[in-house]
Amino acid sequence: MKIMPWIILLTHGKWGEEIIRSAESIVGHIRNVHSFSLFPDQSINEYETRVEQLLKSAPHNSIILTDLYGGTPFNVALSLSAKFDVYVVSGLDMAMLIAADEFRKIYTEDDLINRIITKSIDNCKYVNNMWMD
């Protein structure tokens with residue numbers, strides 16, 4: 001039996017918790033999704049330690065989604081990816097979270113990550129001219 005990777009969100013503020021709640025209002029309960037909120041008064045070491053504790057019990061090839069490329073949650077995820085067998089993807093949005101949940105049930109490894117990224121990119125559209133012509 002395939003062990004499904006966990007989805008771990010690393011974000012500034014409570015955005016990770018809120019995006020989970022919003023996604024669940026569309027697709028229903030998302031199993032094995034965890035969120036770590038970074039606040040201005042929190043030390044980076046404390047934040048990294050909290051995430052590391054979860055990763056010690058996370059399945060092989062779990063997925064860390066971060067909000068902002070180059071931000072502190074991203075840097076923490078990148079640091080932890082040297083210690084744990086996880087995938088790190090930045091640019092979290094709701095399409096990415098829903099795709100990660102859906103695709104982790106079907107695909108694995110690089111195929112899984114590429115499909116998550118593609119779905120998120122495909123969701124980004126300039127729409128002003130869509131209804132013209």
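I started with Glu109, which counts as partly exposed at 43% relative accessibility in this predicted model. I placed Glu109 in helix 5. Its phi caught my eye: Glu109 has a value near 50°, positive in a residue other than glycine. Most residues other than glycine have a negative phi, hence my note.

Next I pulled up Asn61, which also has a positive phi without being glycine, near 65°. Asn61 sits in the loop between helix 2 and strand 3. Buried or exposed, I wondered about Asn61? With a relative accessible area of 12%, Asn61 is buried, because the cut-off for that is under 20%.

**Sheet**

I then traced the strands. They make an open sheet of four, in the order 2-1-3-4, and the pairing is parallel. Which strands stand at the edges? I found strand 2 (33-38) and strand 4 there, each with a single partner strand, so each has one side without a neighbour in the sheet. From one strand to the next, I noted an average twist of 20°.

I looked at one pair in detail. Strand 1 and strand 2 run parallel and are joined by six bridges. Across that pair, Ile7 is opposite Val33 in strand 2.

I checked what lies against the sheet. Helix 2 (residues 44-55) packs on it and touches strand 1, strand 2, strand 3 and strand 4. The direction of helix 2 makes about 170° with that of strand 2. Helix 3 (residues 72-81) lies across strand 1, strand 2, strand 3 and strand 4 as well, and runs at about 140° to strand 1.

**Cores**

I moved on to the nonpolar interior. The largest nonpolar core has 21 residues, and those touching the most other members are Ile7, Leu9, Val33, Leu65, Leu97, Ile113 and Ile116. Two or more residues each come from strand 1 (7-12), helix 1 (15-27), strand 3 (62-66), strand 4 (86-90), helix 4 and helix 5. Which element gives the most to this core? Helix 4 does, with six residues.

I followed Leu97 outward. Leaving aside residues up to four places away in sequence, Leu97 touches Ile7, Leu9, Ile19, Ile20, Ala23, Ile30, Val33, Leu65 and Leu92. I also logged a second, separate core of 16 residues, with Ile8, Leu10, Leu54 and Val86 among them.

**Helix 4 and its partners**

I took helix 1 against helix 4. Their axes come within 10 Å and cross at roughly 60°, and the crossing is right-handed. From helix 1, I listed Ile19, Ile20, Ser22, Ala23, Ile26 and Val27, which meet Met94, Leu97 and Ile98 in helix 4. By class, I got eight nonpolar residues, one polar and no charged in this contact.

Last, I turned to helix 4 (residues 94-103) against helix 5 (residues 109-123). The axes come within 8 Å and cross at roughly 145°. Helix 4 passes helix 5 in a right-handed crossing. On the helix 4 side I have Ala95, Met96, Ala99, Ala100 and Phe103, and these meet Leu112, Arg115, Ile116, Lys119, Ser120 and Asn123 in helix 5. How many charged residues does this contact have? I noted two charged, alongside seven nonpolar and two polar.

Definitions and conventions:
Residues numbered from 1 in each chain as written. Predicted model: local features only at pLDDT ≥ 70, side-chain atom pairs only at ≥ 80, totals over all residues. Heavy atoms only, no water. Axes fitted to C-alpha atoms, helices over the stretch in contact; angles between N-to-C directions. Left-handed = near helix turned anticlockwise from the far one by under 90°. Contact = heavy atoms within 4.5 Å. Nonpolar A, V, L, I, M, F, W, Y, C, P; charged D, E, K, R; others polar. Core = buried A, V, L, I, M, F, W, Y, C linked by side-chain atoms within 4.5 Å. Buried < 20%, exposed > 50% of the residue type's maximum accessible area, 1.4 Å probe, protein only. Pairing = 2+ DSSP bridges.
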